[in-house]
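Got the model open in your viewer? Let's walk through it one selection at a time.

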Amino acid sequence: SAGNLQKTAERDVTVGVSIPLIDFVYPSPEDGEYISTNQAYINVTTTSSNDHSAWIDWNRSLAGYWSMDFYNSSGVFDNSTYDNFAIFHGGLSEGNITYGKRGRCIELDGNDDYISTGSNQAFNLSDAVTLEAWVYINNISVRPSIVGASGSYWLFITIPGKIYAYLRTNEGWHTPGYSSSTYSWVGEWHHIAMTYDSDTHTVKY
């Protein structure tokens, strides 16, 4: 009312005009179905004209999810139930948060940059684990590390371009070997995932 003008930095805003479609498909229970069970397998298919992500965590088995969309000057907030805040290390700051494949991402220097939740027993391997990440790599020669928990498991990419993991269970350390395929990582977005099943002692990439 006094004629004052306040100006902020320029920002790019993208507004999606299409509504994502979410379908519960087989073997999910049918709509309106009454069942007597202590568990249910839920399979979800999502469709959208925009890049998007979807996940369900009804049993709170998701230990951590860092989308990089929510952060402050100290680190990145965890979108899971457990609020495992990941702290910036190696000189990282809010300035390293940029645009990625699914919303925001964090740009690392391949040397000493990382985010960490510290010593957290929630990330120690018990009977099974699944690790996932979207990655964009500029230099494969540094053998990029993706995610890990000290003394429990680690997932990284080898110089030939294969995915590799090692993990520790009650039976000791396991080195399940390389992925069967060699990928061209540099200059492209890739979704990387590893699952471990203690019943069969197998790792899948």
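Select Glu107 and show what surrounds it: beyond its neighbours within four places in sequence, Glu107 is in contact with Leu92, Asn96 and Asp113. Keep in mind as you look that this is a predicted model. Glu107 sits in the loop between S6 and strand S7 (114–116). Now put a distance label between the C-alpha atoms of Glu107 and Asn96: they are 5.2 Å apart, for two residues 11 apart along the chain. Is Glu107 buried or exposed, or something in between? Its relative accessible area is 48%, so Glu107 counts as partly exposed, given that exposed means over 50%.

Next, go back along the chain to Gly100, in the loop between strand S5 (97–99) and strand S6 (104–106). Which residues does Gly100 touch once its neighbours within four places in sequence are left aside? Show Cys105 and Trp189: those are the two in contact with Gly100. Then add Trp55, 45 residues from Gly100 along the chain, and label that pair too; their C-alpha atoms are separated by 18 Å. Because its relative accessible area is 25%, Gly100 is also partly exposed.

Time to zoom out and colour by secondary structure. The protein chain has 14 strands and zero helices, so to speak a run of β elements from the N terminus on. The C-alpha trace spans about 70 × 55 × 35 Å along its principal axes. Of the 205 residues, 23% count as buried. If you draw contacts between residues at least 6 apart in sequence, 41% of them join residues at least 24 apart.

Switch on the surface while you are out here. The chain exposes about 14600 Å², and carbon and sulfur atoms supply 47% of that. Colour by charge and you'll have 10 positive and 22 negative side chains to look at, with the centres of the two sets 6 Å apart.

Keep the surface on and select Ile22, Phe24, Ile56 and Trp58. What do these four make? Together they form a nonpolar surface patch of about 470 Å². Pick out Ile56, which belongs to the loop between strand S2 (43–47) and strand S3 (75–76). With a relative accessibility of 40%, Ile56 counts as partly exposed.

Now for some backbone stops. Hide the surface and select Tyr26 and Pro27. The peptide bond joining Tyr26 and Pro27 is cis, with omega at about 10°. You'll find Pro27 in the loop between strand S1 (21–25) and S2.

Move on to Met68, in the loop between S2 and S3, the loop that also holds Ile56. Check its phi: Met68 is not a glycine, yet the angle is positive, about 70°. Where does that leave the residue, buried or exposed? Met68 counts as buried because its relative accessibility is 12%, and the cut-off for buried is under 20%.

Finish at Asp83, found in the loop between S3 and strand S4 (86–89). Asp83 is another non-glycine residue with a positive phi, here about 55°. Turn the surface back on for this one: at 61% relative accessibility, Asp83 counts as exposed. To compare the two stops, select both: Met68 is buried, whereas Asp83 is exposed.

Methods
Residues are numbered from 1 along each chain as its sequence is written. This is a predicted model: local features need pLDDT of at least 70, side-chain atom pairs count only at pLDDT 80 or more; totals for chains, interfaces and linings use all residues. Side-chain values use heavy atoms; hydrogens and water are left out. Helices (H or I, at least four residues) and strands (E, at least two) are DSSP runs, numbered from the N terminus. Buried means under 20% relative accessible area, exposed over 50%, partly exposed in between (1.4 Å probe, protein chains only). Contact means heavy atoms within 4.5 Å. Accessible areas come from the Shrake-Rupley method with a 1.4 Å probe; for residues, only the protein chains shown count as cover. Lys and Arg count as positive and Asp and Glu as negative; His and the chain ends are not counted. The place of a charge is taken as NZ of Lys, CZ of Arg, CG of Asp or CD of Glu. Patches are made of residues with over 30% relative accessible area and no salt bridge: like charges are joined within 9 Å, nonpolar side chains (Val, Leu, Ile, Met, Phe, Trp, Tyr) within 5 Å. A salt bridge is a side-chain nitrogen of Lys or Arg within 4 Å of a carboxyl oxygen of Asp or Glu.
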